[in-house]
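Visitor: I am new to this structure and should like to understand the terms used to describe it. Please take me through the reasoning behind each one.

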Amino acid sequence: MATDAQFVVSRIASVNPASGEVLGELDSAGPAEVHAAVTKARAAQPEWNAWGVRARIEVLRRFQQVLLAEKNDVARRITEEAGKPQIEALLTEVLVVLDAARFLIENAYALLRDETLPHGNAALKAKSGRILREPYGVIGIISPWNYPFSTPAAETMAALVAGNAVVLKPSELTPLIAVHLHGLLRQAGVPDGVFQVLAGEGATGAALVESEIDKLVFTGSVATGKGIARVAAEKLLPLVLELGGKDPMLVLDDADVEVASSGAVWGAFVNAGQTCLSIERCYVHRSLYAAFVDACAEKARKLRVGNGIDAATEIGPMIHERQVRIVESHVEDAVARGARVLVGGSRLRELGPTFYAPTVLADVDHEMRIMREETFGPVLPIAPFDDDEEAVRLANDSEYGLAASVWTRDRARGERLARRLQAGTVMVNDAVSCFSISEAPHGGVKASGLGRTHGRWGLEEMVRVKYVDTDLVPRIKKVWWFGYGRELGLEMESLLELLYARPLRTKIMAALRSAGALWKRKL
């Protein structure tokens, strides 16, 4: 990372991916600015924590209503900066944030208050224990461009309601909506310094990781996540990492082809496929394969691609040229290895340089990059399988483990298979929408990351757990204090038999032998 002396102030431009219009420019934060922001957050955090949970909940309540009143303006801003259709901005961003606020408003006090901890060790019954949940202090958040409002907002609200201050570094591709989030939270009553936004590229994120934050929540690529983990290991910095996925869809032999094919098309192409929960691998029982592939191809042909501001648009542009090139390389590799392109397979240059046609591929296999690497674009690759065992094996044959889905008319069968899939979330007869369930945890296994966001699990990531133990008989010396000897050893052996032996006679005899320990006074 560059030092303060080496850092040259630069500016980043937010560009509408549909039109190429420059929406605004911001200064990139250098190491000095990052340090100053973290210092300011640390100074502001104690008073914010002193407000108490109920007062912080009231701030979230006001934020929820401010956002509700400005929902269409926020959705428009998201569409202009990220490209997704405005209805998706409302449903997959604004709705998610409104409901995440609802969850915290309803549950944060109960989840964060002190908790009595009963214990079963009879030798220590003269003690009373409590669990305290205390804020870390300053939480750093590095958020992605594909969900530039819902991801940082949900994480920020959880951190704030727990009593932390937050320093957010949004993607350099979508900084303006993060700045707007800052304004909405300030309008709701979040004090100066408690929530700050630092625009910048990778160097800004690196400076934040190396700063004096107390925990980091990162959403992004596996490669970047591993690099962050290496730096964090040197500092023992706690992390939450959400690193993407290659989510499988299993269509069993009893599935409804009409419903499942519609689910596959939406799950693969929502947000132009730029979703960590996108269906990126589809496995269909061989008896349904031909009908399913045809149905997906027919539905993909009908999708309307265009500028997300147009109410009729269903697929917007991809975010950036480099993301389009990844999609192109995956499709080209698949075709070279024998995959069939049923629909799409190329850019729609007449619409703009980053528009890519919704693409359906058939006859794919795991030798192809498109079935191994995260594509993050509007491509639905479909492969057949012969039985449930093969479907599970194929689904688990991936370094990723974020989410998966099982499609069947038999709920019990679907839930049985769900238990065998290596994923943080498995949906039966739906996909992607689990992100909108505020009570549900979000996160994965394997290369998909560490920790969880959302729900009580996400809130628990924002606090340190402290155990407070109070002795109820403080004037009595403890029998296990110094003054060891053969006699005490025999009494302790008897005490163990009294507590844990099964036969009643053994317990009675042990009670008599260990009685002396009850009135011993030690040095």
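Guide: Let us start with a definition: a residue is called buried when its relative accessible area is under 20%, exposed when that area is over 50%, and partly exposed in between. Please note also that this is a predicted model.

Visitor: How do you know whether His-454 is buried or exposed?

Guide: The relative accessible area of His-454 is 13%, so His-454 is buried. This residue is found in the loop between β17 and α14.

Visitor: What is notable about the phi of His-454?

Guide: His-454 has a positive phi of about 75° although it is not a glycine. Most residues other than glycine have a negative phi. Val-432 likewise has a positive phi, near 70°. Val-432 lies in the loop between β16 (425–428) and β17 (449–450), and at 12% relative accessibility it counts as buried.

Visitor: Where does the model contain enclosed space, and how many cavities are there?

Guide: There are four cavities of 30 Å³ or more. The largest cavity has a volume of about 110 Å³. His-454 is one of the residues that line the largest cavity, and others include Phe-103, Glu-155 and Met-462.

Visitor: Which helices supply at least two residues each to the lining of the largest cavity?

Guide: They are α4 (86–112), α5 and α14 (455–460). By class, the lining of the largest cavity has six nonpolar, five polar and one charged residues.

Visitor: How many aromatic pairs does a search of the whole structure find?

Guide: The search finds four aromatic pairs.

Visitor: Why is the pair of Trp-48 and Trp-51 called tilted?

Guide: Ring centres must lie within 6.5 Å to pair, while planes under 30 degrees apart count as stacked and those over 60 as edge-to-face. The centres of Trp-48 and Trp-51 are 5.0 Å apart and their planes stand at 55°, so the pair is tilted. Trp-48 is buried, at 2% relative accessible area, whereas Trp-51, at 35%, is partly exposed.

Visitor: What makes the pair of Trp-145 and Phe-376 edge-to-face?

Guide: The angle between the planes of Trp-145 and Phe-376 is 85°, with 5.6 Å from centre to centre, and an angle over 60 degrees counts as edge-to-face. Trp-145 lies in the loop between β5 (138–142) and α5 (150–161), and Phe-376 in the loop between β13 (359–362) and β14 (379–385), so the pair ties together parts that are 231 residues apart in sequence. Trp-145 is buried, with a relative accessible area of 16%, and Phe-376 counts as buried at 12%.

Visitor: What makes you say that a charge sits over the ring of Tyr-109?

Guide: The charged end of Arg-54 sits over that ring, 3.7 Å from the centre of Tyr-109, and the cut-off for the distance is 6 Å. Lys-84 lies over the face of Tyr-147, also at 3.7 Å from the ring centre.

Visitor: Why do Cys-282 and Cys-296 form no bond?

Guide: A disulfide requires two cysteine sulfur atoms within 2.5 Å. The sulfur of Cys-282 is 6.1 Å from the closest cysteine sulfur, in Cys-296, and is therefore too far for a bond. Both Cys-282 and Cys-296 are buried, with 0% relative accessibility. A search of the whole structure finds zero disulfides.

Key:
Residues numbered from 1 in each chain as written. Predicted model: local features only at pLDDT ≥ 70, side-chain atom pairs only at ≥ 80, totals over all residues. Heavy atoms only, no water. Phe/Tyr/Trp six-rings, centres within 6.5 Å; stacked < 30°, edge-to-face > 60°. Buried < 20%, exposed > 50% of the residue type's maximum accessible area, 1.4 Å probe, protein only. Helix = DSSP H or I, 4+ residues; strand = E, 2+ residues; numbered from the N terminus. Lys NZ or Arg CZ within 6 Å of the ring centre and 35° of its normal. 1 Å grid on protein atoms, 1.4 Å probe; cavity = no way out; pocket = protein on both sides within 12 Å on 5 of 7 lines; lining within 4 Å. Points joined across faces, edges and corners; volume = space filled by probe spheres on them. Nonpolar A, V, L, I, M, F, W, Y, C, P; charged D, E, K, R; others polar.
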